[in-house]
Amino acid sequence: MNLKLTDFSYELPESRIAKHPPKERGTSKLLVYRQGEIQHHHFGTIADQLPEGSTLVFNNTKVIPARIILHKDTGARIEIFLLEPLAPSSAHEQVMMSRNNCTWKCMIGNAKRWEQGTSLTNKSINVKATRTGKDEVNFEWEGMTFSELLTEIGKTPLPPYLHREVDKEDKVRYQTIYSKIDGAVAAPTAGLHFTDEIMTELEAKGICKKYVTLHVSAGTFQPIKTDDISMHPMHNEQILIERQIIESLISTSQTIAVGTTSMRTLESLYWFGVRLHHEKEDFYIKKEDPYEMVAIDKHIALQKVLHYMDKHQLNRIGGQTEIFLYPGYTFKMCDGLITNYHMPNSTLILLVAAFVGENWRKIYEEALINDYRFLSYGDSSLLMP
């Protein structure tokens, strides 16, 4: 399939980008797309819109304060944006609990003013940051975990398209109420709409709730710059999945992903099962895997994963994925998707187009006509093709 980037563009006025969250969670608009038909609701009714007996899969990653501002003695401002941990481990969970030293791959603002091999300090809490490579920074400190350190010196990493500084509200609102495991540098924003009350209503309706972890990377905001979509260098993200989640996915009647990150996780889990079927035990899903490997039955794939976990006596598996879901892909795990409205010419709009087909334009036109708010702090949709 010859896909061109220009086929996935639309006009998004700046005025339609939600620069701040709604006054209260759960009050956003909800567009429901079901088998070609569109209805308009409020997110507070989400439990009524979901099929009976379905399973919602949430991403419980927690956004870390990944922006760190330090200054040279000359007063030059250096911004460090954490991307992914390198040492003492590449696993977010371990690095966030480290107590005196760790190294991260970073984006560095004003990098020309910070020479490699030199250090910056924050004297108020005695932390030293040393630029050890072009995009690598080593941190040294004492008396707390790295997670606690970031709470002291870091800032919430708002999406760049909001074009504003962080305020107190963002610390709470750019985080889902069920966030649990430190590691994301961007929020799984489809989940920002859920409240405790909505979660209770889901239980009352018999909707099953399950949680996976995908640590959202800054690559989620990376625009596609190649007209041939397949040539886009896809970012990779870290995944964690519990055994009991996999067992429940085998028996559920319908699986609905809360957000594109949950969908990427579920589809990656399937392809790990396919890799195991072909006796490849490394959990690293390359972007070309879904388009080059031969598919197998979903239940067989998930059973392969469970057998692998039995073999290695694991209750949880971790992996990496750079899965790229674009039109032409056949979804293996997901029957529905709850998601916000995404940037034109982005990997996320391609994912939506892959899931609902050409009607993605109809959905976005309806949202624009009906004054929906777009992007991370914007309104929601439930897509059931």
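In this predicted model, helix α10 is the top contributor to the wall of the largest cavity, giving 3 residues to the lining. Helix α10 runs over residues 347-356, and together with α7 (260-277) it makes up the set of elements that give two or more residues to this lining. The full list of lining residues reads Thr220, Met234, His235, Glu237, Thr261, Arg264, Ile323, Phe324, Leu325, Thr347, Leu348 and Leu351. Sorted by class, that comes to 6 nonpolar, 4 polar and 2 charged residues. As for how much room there is inside, the volume of the largest cavity is about 90 Å³.

How many cavities of 30 Å³ or more does the structure hold? The count is 2. The second largest cavity encloses about 70 Å³ of space. Its lining draws on Pro21, Pro22, Arg25, Gly26 and Ser28, then on Arg173, Leu192 and His193, and finally on Ser376, Tyr377 and Gly378. Here the split by class is 4 nonpolar, 5 polar and 2 charged residues.

Next come the pockets. The largest pocket holds about 680 Å³ of space. Its lining takes in 26 residues, and the ones nearest the centre of the pocket are Phe81, Leu83, Met107, Ala218 and Gly219. Two strands, β6 (77-87) and β7 (101-109), each put at least two residues into this lining. Strand β6 has the largest share, with 4 residues. In terms of class, the pocket lining has 13 nonpolar, 6 polar and 7 charged residues.

Zooming in on a single residue, His215 belongs to strand β13, which covers residues 208-215. Is His215 buried or exposed? Its relative accessibility is 3%, so His215 counts as buried, given that the label applies under 20%. Leaving aside residues up to four places away in sequence, His215 touches Thr61, His92, Ile181, Asp182, Gly183, Ala184, Glu237, Gln238 and Leu240. One of these contacts, Glu237, also turns up in the lining of the largest cavity. Ile245 sits 30 residues from His215 along the chain, and the C-alpha atoms of the two are 17 Å apart.

Stepping back to the whole chain, the fold is built with 11 helices and 19 strands. Why can the chain be called as compact as a globular protein of its length? Its radius of gyration is 21 Å, close to the 21 Å that the globule rule gives for 385 residues, so the chain is as compact as a globular protein of that length. Laid out along its principal axes, the C-alpha trace spans about 60 × 55 × 45 Å.

The contacts and the surface fill in the rest of the picture. Taking contacts between residues at least 6 apart in sequence, 73% of them join residues at least 24 apart. Of the 385 residues in the chain, 58% are buried, and His215 is one that counts as buried. On the outside, the accessible surface of the chain adds up to about 16900 Å², with 48% of that belonging to carbon and sulfur atoms.

Methods:
Residues numbered from 1 in each chain as written. Predicted model: local features only at pLDDT ≥ 70, side-chain atom pairs only at ≥ 80, totals over all residues. Heavy atoms only, no water. 1 Å grid on protein atoms, 1.4 Å probe; cavity = no way out; pocket = protein on both sides within 12 Å on 5 of 7 lines; lining within 4 Å. Points joined across faces, edges and corners; volume = space filled by probe spheres on them. Nonpolar A, V, L, I, M, F, W, Y, C, P; charged D, E, K, R; others polar. Rg over C-alpha atoms; globule rule 2.2 N^0.38 Å. Buried < 20%, exposed > 50% of the residue type's maximum accessible area, 1.4 Å probe, protein only. Contact = heavy atoms within 4.5 Å. Areas by Shrake-Rupley, 256 points an atom, 1.4 Å probe, with all protein chains shown as cover.
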